[in-house]
Amino acid sequence: MPVTQLDKGNSFRALHQGTRAFVIPNAWDAGSARVLAGLGFAAIATSSYATAGAYGTRDGRITRDQVLAHARAIVDATDLPVSVDLESGFGATANDVAETYRHAAAVGLVGATIEDATPTSRKDKPLFDIGEATERVAAAVAATRQARISVHAHRARRRLPARQHRS
């Protein structure tokens, strides 16, 4: 039976709630994700630096679509939970951040980080102010919860006809 996104999410949550710290390595690509899984790690992360390197560019110069395509390849390469670095959410507004996190859930990710650094790393305003940063994180959380509900509803709809046919 294949490992579901829900299974991966539950496993990832359990790692965070354990009594001990756990090590989560960064995969650079699908191949290194498989190597890390084979070494016995319980989860995998990916960094924006690694993703940029996979695209032959510098950190901070990759697009949301590139990050998500790269993350999907890593998710598809292993049954382990995968967390991704989503930089500052790939957007100027909290709604943009929410959209990024909806897409992240859709590619099978079960964890993500969001930075408080402004995307342009402006010297006059290197970080979002606390209110704006809080709003961006809240938007990410709400979008992720909604995506999880949608996945469960979709799975429930898919299973219903199969059960009806067995009767």
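## Glu 87 and its loop

Let's start with Glu 87, which is buried because its relative accessible area is 12%, under the 20% cut-off. Keep in mind that this is a predicted model. Glu 87 sits in the loop between strand S2 and helix H5, and H5 covers residues 94–106. Its backbone is worth a look too: phi of Glu 87 is near 45°, a positive value in a residue that isn't glycine. To see why that stands out, remember that most residues other than glycine have a negative phi.

Phe 90 belongs to the loop between S2 and H5 as well. Phe 90 isn't a glycine either, yet its phi is positive, at about 55°. Is Phe 90 buried or partly exposed? With a relative accessible area of 22%, Phe 90 counts as partly exposed, because that value falls between the 20% and 50% cut-offs.

## Across to Thr 63

Now hop from Glu 87 to Thr 63. Along the chain they are 24 residues apart, and their C-alpha atoms are separated by 10.0 Å. Thr 63 is in a loop of its own, the one linking helix H3 (48–54) to helix H4 (64–77). Its relative accessibility is 39%, so Thr 63 is partly exposed.

## The whole chain

Time to zoom out. How many helices and strands does the protein chain have? There are 6 helices and 3 strands. Read from the N terminus, the elements go α-α-β-α-α-β-α-β-α.

The protein chain has 167 residues, and 33% of them are buried. Its accessible surface is about 10100 Å², with 55% of that belonging to carbon and sulfur atoms. If you take the contacts with a separation of 6 or more, 61% of them involve residues 24 or more positions apart.

## The sheet

The 3 strands form an open sheet in the order S1-S2-S3, and the pairing is parallel. At the edges you'll find S1 (44–46) and S3 (111–113); each has a single partner strand, so one side of each has no neighbour in the sheet. From one strand to the next, the twist averages 20°.

You can follow the pairing strand by strand. In general, strands of a sheet pair through backbone hydrogen bonds. Here, S1 and S2 run parallel and are joined by 3 bridges, with Ala 45 standing opposite Ser 83 in S2. On the other pairing, 3 bridges join S2 (residues 82–85) to S3, again running parallel. One partnership to look for there is Asp 85 with Thr 113 in S3.

H4 packs on this sheet, where it touches S1 and S2, and its direction makes about 160° with that of S2.

## Inside the sheet

Which residues of S2 lie on each face? Val 82 and Val 84 are on one side, while Ser 83 and Asp 85 are on the other. Both faces of S2 are covered, and these four residues are all buried. That back-and-forth fits a general pattern: in a regular strand, side chains alternate between the two faces of the sheet.

Over in strand S1, pick out Thr 46. Thr 46 is buried because its relative accessible area is 4%, under the 20% cut-off. Leaving aside residues up to four places away in sequence, Thr 46 touches Val 82, Ser 83, Val 84 and Asp 85, along with Asn 26, Ala 27, Thr 51, His 70 and Ile 74.

## Where two helices meet

Ile 74, one of the residues touched by Thr 46, also takes part in a helix-to-helix contact. Helix H2 (residues 30–38) packs with H4 at an angle of about 35°, and their axes are 8 Å apart. The crossing of H2 and H4 is right-handed.

Which residues of H2 and H4 meet? From H2 come Ala 30, Ala 33 and Arg 34, and from H4 come Ala 73, Ile 74 and Ala 77. Sorted by class, this contact of H2 with H4 has 5 nonpolar, no polar and 1 charged residues.

Note on methods:
Residues are numbered from 1 along each chain as its sequence is written. This is a predicted model: local features need pLDDT of at least 70, side-chain atom pairs count only at pLDDT 80 or more; totals for chains, interfaces and linings use all residues. Side-chain values use heavy atoms; hydrogens and water are left out. Buried means under 20% relative accessible area, exposed over 50%, partly exposed in between (1.4 Å probe, protein chains only). Contact means heavy atoms within 4.5 Å. Accessible areas come from the Shrake-Rupley method with a 1.4 Å probe; for residues, only the protein chains shown count as cover. Axes are lines fitted to C-alpha atoms, for helices over the stretch in contact, and angles run from 0 to 180 degrees between N-to-C directions. A crossing is left-handed if the near helix is turned anticlockwise from the far one by less than a right angle, and right-handed if clockwise. Ala, Val, Leu, Ile, Met, Phe, Trp, Tyr, Cys and Pro count as nonpolar, Asp, Glu, Lys and Arg as charged, and the others, Gly among them, as polar. Two strands pair if DSSP finds at least two bridges between them.
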